[in-house]
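This report considers a single protein chain through its helices, cores, cavities and loops. The sequence and the coordinates are shown first, and the discussion follows.

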Amino acid sequence: MKYSSFVDGAQCAGMAMVCLTDFEEYAKQHLSKATWDYYAAGADECCTRDDNLLAFKRIRLRPRILRDVSVTDTRTTVQGREISFPVGIAPTAFHCLAWHEGEMATARATEALNTCYIASTYSTCSAEEIVAAAPNGYRWFQLYVYRDRKLSEQLVHRVEALGYKALVLTVDVPYTGKRRNDIRNHFRLPPHLKVKNFEGVFQETGGPEEYGIPANTLDPSISWKDITWLRSITRLPIIIKGILTKEDAELAVDHCVQGIIVSNHGGRQLDGGPASIDALPEIVDTVAGRVEVYVDGGIRTGSDVLKAIALGAKCVFIGRPAVWGLAYKGEEGVREVLQILNEEFCLSMALSGCRNVAEINRNLVQLSKL
């Protein structure tokens with residue numbers, strides 16, 4: 001794969017959007033304040049949300065030169081499936097707030113770019129609609145455990161039958177973090193949108209809601225025994241999302257999961273925890289290749305992707321940038337976001353002396369002393 005082909009393609013397309021922050025600025029200007037605040041929200045003072053970005057800037061690259069990078073290859077594999085480059089879409093809720101086709105547009109974009117899309121339980125399109133929109137796409141499904149286990153179990157059987165290839169169990173939400181602007185804005189889904197995977201499940205009680213479903217539906221008693229329960233009801237690989245410590249990484253391996261996503265939920269849960277990229281190395285070292293490790297939170301450039309792969313991530317996942325792409329131009333906008341990251345990653349690889357993903361390792365990075 002020649003790097004020049006990416007550059008030529010971008011020039012021919014006459015791309016007005018040069019980097020991911022261009023999409024961020026567009027989304028901020030064009031989305032309603034309540035919607036923008038919902039997507040942008042971090043917990044409490046947003047320290048962890050902001051540190052997700054700053055932490056990447058503290059990492060420096062150690063480029064190697066004279067390495068013949070005339071041909072570079074960004075392909076990799078996740079859970080045995082080849083993808084075009086190590087960037088997928090993290091589970092983010094309510095895509096229809098940003099674009100009328102919502103998650104269907106996101107699914108088509110990731111199918112076109114041949115990468116992985118983790119569909120959120122809190123999608124405004126159903127699991128079935130996502131599959132119909134992109135029948136050949138590579139999809140995982142993000143899952144929560146509810147007080148009513150049958151809700152979770154039905155979702156598991158449903159997505160397994162639909163051909164989703166893994167379950168991504170999000171484990172850092174026993175309770176929802178305090179997102180101040182959502183409280184100030186009295187955030188609710190507009191009447192024409194629903195959490196489609198639960199359509200017809202909950203009775204209209206008029207009681208308090210939390211992000212589209214009745215409050216107190218999530219189960220705060222979730223524990224490691226629920227991993228065993230989940231393994232008993234599905235043959236799909238189980239990937240745990242929300243691990244930030246080596247102790248929990250070791251427990252995850254002990255409970256026979258197939259992957260870990262190092263994540264602080266975009267800084268939306270516990271404020272004051274580590275940036276995801278800072279937590280990554282100790283988890284990679286602890287796991288020692290026994291399961292695949294991924295990371296999300298704060299990826300905004302191709303060099304961020306390179307740094308994460310160098311620190312041991314098999315793949316990174318982006319959340320907010322996908323939503324910005326939707327707000328800009330739906331499916332085409334998400335494709336542009338992914339293409340820009342692909343171009344930047346390929347260029348960063350080449351300028352660092354890496355011809356393929358296998359050549360990226362920890363010798364490529366150092367923590368800045370600044």
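Contact between two residues is taken here to mean heavy atoms within 4.5 Å. The model is a predicted one. With the contact cut-off in place, P208 touches P214 and A215, residues up to four places away in sequence not being counted. P208 is found in the loop between α8 and β8. P208 counts as exposed because its relative accessible area is 66%, and exposed status requires a value over 50%. The C-alpha atoms of P208 and T48 are separated by 28 Å, the two residues being 160 apart along the chain.

**The loop between α8 and β8**

K196 also belongs to this loop, which runs between α8 (180-185) and β8 (209-210). Setting aside neighbours within four places in sequence, K196 is in contact with S123, T124, C125, S126, E129 and R158. From K196 to G212 the separation is 16 residues in sequence and 9.7 Å in space, C-alpha to C-alpha.

**Nonpolar cores**

In soluble globular proteins, nonpolar side chains tend to be buried together. In this model the largest nonpolar core has 105 residues, of which F94, Y122, F141, L230, I260, L280 and I360 touch the most other members. Helix α13 (residues 320-351) supplies the largest share of this core, with 13 residues. Another core, of 14 residues, lies apart from it and has V78, I83, C116 and I239 among its members.

What surrounds F94, once its neighbours within four places in sequence are left aside? F94 is in contact with Y38, Y39, E103, Y122, T124, F187, L189, V195 and Y211. One of these contacts, Y122, is itself listed with F94 among the residues that touch the most other core members.

**Helix α11**

Helix α11 covers residues 276-287 and has 12 residues. From its first C-alpha to its last, α11 reaches 16 Å, close to the 16 Å expected at 1.5 Å a residue. Of the 12 residues of α11, 9 are buried, so the helix is largely enclosed by the rest of the structure. The buried residues are S276, I277, A279, L280, P281, I283, V284, T286 and V287. L280 also appears among the residues with the most contacts to other members of the largest core. Just after α11, A288 takes a positive phi of about 55 degrees.

**Positive phi in loops**

Two further residues, D44 and H265, lie in loops. D44 has a positive phi of about 50 degrees although it is not a glycine, and D44 is found in the loop between α3 (33-40) and α4 (47-57). H265, likewise a residue other than glycine, has a positive phi near 65 degrees; the place of H265 is in the loop between β11 (259-262) and α11.

Is each of these two residues buried, partly exposed or exposed? D44 is partly exposed, with a relative accessible area of 30%. H265, at 14%, is buried, because buried means under 20% relative accessible area.

**Accessibility of loop residues**

The table lists accessibility for residues located in loops.

| Residue | Relative accessible area | Class |
|---|---|---|
| D44 | 30% | partly exposed |
| H265 | 14% | buried |
| P208 | 66% | exposed |
| H100 | 61% | exposed |
| R355 | 29% | partly exposed |

H100 lies in the loop between β4 (87-89) and α5 (103-113). H100 and R335 are 235 residues apart in sequence, with 16 Å between their C-alpha atoms in space.

R355 is found in the loop between α13 and β14 (365-367). Not counting residues up to four places away in sequence, R355 touches R67, D68, V69, V71, T72, D73 and M349. The C-alpha atoms of R355 and L155 are separated by 41 Å, with these positions 200 residues apart along the chain.

**Internal cavity**

Rolling a probe the size of a water molecule over the atoms shows where empty space is left. How many cavities of 30 Å³ or more does the model contain? The count comes to 1 cavity. About 60 Å³ of space lies in the largest cavity. The lining of the largest cavity consists of Y144, V145, T170, V171, V173, P174, L218, D219 and I222. By class, this lining has 7 nonpolar, 1 polar and 1 charged residues.

How values were computed: Residues are numbered from 1 along each chain as its sequence is written. This is a predicted model: local features need pLDDT of at least 70, side-chain atom pairs count only at pLDDT 80 or more; totals for chains, interfaces and linings use all residues. Side-chain values use heavy atoms; hydrogens and water are left out. Helices (H or I, at least four residues) and strands (E, at least two) are DSSP runs, numbered from the N terminus. The expected span of a helix is 1.5 Å times one less than its number of residues. Buried means under 20% relative accessible area, exposed over 50%, partly exposed in between (1.4 Å probe, protein chains only). A nonpolar core is a set of buried Ala, Val, Leu, Ile, Met, Phe, Trp, Tyr and Cys residues joined through side-chain atoms within 4.5 Å. On a 1 Å grid over the protein atoms alone, a cavity is a set of points where a 1.4 Å probe fits but cannot get out, and a pocket is an open set with protein on both sides within 12 Å along at least five of seven lines; lining residues have an atom within 4 Å of a point. Grid points are joined across faces, edges and corners, and a volume is the space filled by probe spheres set on the points. Ala, Val, Leu, Ile, Met, Phe, Trp, Tyr, Cys and Pro count as nonpolar, Asp, Glu, Lys and Arg as charged, and the others, Gly among them, as polar.
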